[in-house]
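Dear colleague,

I am passing on the structure we talked about, with my notes on what turned up in it placed below. Please read them with the coordinates open beside you.

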Amino acid sequence: DSNGSVHVFVNINPIGATQITPYPAMRPYELHPTAADWSQWSAPSLVTLPSAVTNEFYVWKTGQVYNAIYVDFNNGAAQTYATSNNLFTGWANVRVLGYNSQEGGMIIPQPDGSNRLYLEPGNGVSPGGYAWAESYDQLATFTAQQPVTATVPMRNGKMTSNFPLSQLVPALRAWKLAILAALLFLAAITRLRARQPAR
């Protein structure tokens, strides 16, 4: 965040979910470290988006405004954009970007004022890997998608243009971060299940 705080977002479907469907209520939850060494984390807090069934929530900030892109399963799995002055509530100014069923969406603002959209085609689609498209008119239109040139395949990840993770947590290597993300996800599910009333 602009104040130096760290947010991790996980999408959880805590109500009668299965491994292959986002229904009835897959939504993003925020966690953040509560200890300087990242050894303790907050309980997951719901991010209330305009749609009740979403995935792959990605956030960036311009001034005091939070911007987000996410998959809206109630709208054909379209990539959808919204803004808010509060990270958890008040998301509005919804704009459907399209790119239905593509995955791993993220938008990185560029120094020239344009916005670069990264997406990948999803499971079982060939060729795989990320592609990018540029918007020069505040996400109203995009250039044709172009493949990202990379020496390794890339799938459904997230990145940021201005988060110096190597400086903030120099001891954490990539494999440790992957393990940390998995543990946070499991912890979030455990806490949400503990909140549900006994049947």
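F9 counts as partly exposed, because its relative accessibility is 23%, and the cut-off for buried is under 20%. Please keep in mind throughout that this is a predicted model. F57, by contrast, has a relative accessible area of 6% and is therefore buried.

These residues belong to the aromatic pairs, of which the count comes to six. F9 and F57 form an edge-to-face pair, with 4.9 Å from centre to centre and 80° between the planes. Since F9 lies in strand β1 (residues 8–12) and F57 in strand β4, the pair ties together parts that are 48 residues apart in sequence. Ring pairs also bring in W91, so that F9, F57 and W91 are linked into a cluster.

Another of the pairs is that of Y99 and F142, which is likewise described as edge-to-face, at 6.0 Å centre to centre and with 85° between the planes. Here the linked parts of the chain are loops, with Y99 between β7 (92–98) and β8, and F142 between β10 (131–135) and β11 (146–147), 43 residues apart. A ring also takes part in a contact with a charge, as R116 lies over the face of W132, at 4.9 Å from the ring centre.

Turning to the interior, in soluble globular proteins nonpolar side chains tend to be buried together. The largest nonpolar core in this model has 16 residues, and those with the most contacts inside it are I69, L97, I107, L117 and F142. The elements that contribute two or more residues to this core are β4 (54–62), β8 (103–109) and β9 (115–120). I107 may be a useful residue on which to centre the view: leaving aside its neighbours within four places in sequence, I107 is in contact with Y58, W60, I69, L97, N115, R116, L117 and L139. A second core, separate from the largest one, has nine residues, among them L49, F57, Y66 and Y70.

The strands around β5 deserve a closer look. Strand β5 (residues 65–72) is mostly covered, with seven of its eight residues buried. β5 pairs with β4 in the antiparallel sense over seven bridges, and in this pairing W60 stands opposite N67 of β5. The hairpin of β4 and β5 has two residues between the strands, and G63 takes a positive phi near 65° in it. β5 also pairs with strand β6 (residues 78–84), again in the antiparallel sense and over seven bridges, and D72 stands opposite A78 in β6. In the hairpin of β5 and β6 there are five residues between the strands, and G76 takes a positive phi near 70°.

One residue of β6 remains to be described, namely T83. T83 has a relative accessible area of 12% and is therefore buried, and its side chain is joined to that of N93 by a polar contact of 2.7 Å. Not counting residues up to four places away in sequence, T83 touches V65, Y66 and N67 as well as G90, W91, A92 and N93. W91, listed here among the residues that T83 touches, is also a member of the ring cluster with F9 and F57.

With best regards

How values were computed: Residues numbered from 1 in each chain as written. Heavy atoms only, no water. Core = buried A, V, L, I, M, F, W, Y, C linked by side-chain atoms within 4.5 Å. Buried < 20%, exposed > 50% of the residue type's maximum accessible area, 1.4 Å probe, protein only. Helix = DSSP H or I, 4+ residues; strand = E, 2+ residues; numbered from the N terminus. Contact = heavy atoms within 4.5 Å. Phe/Tyr/Trp six-rings, centres within 6.5 Å; stacked < 30°, edge-to-face > 60°. Lys NZ or Arg CZ within 6 Å of the ring centre and 35° of its normal. Pairing = 2+ DSSP bridges. Polar contact = N/O pair within 3.5 Å; in protein donor to acceptor, adjacent residues only side chain to side chain.
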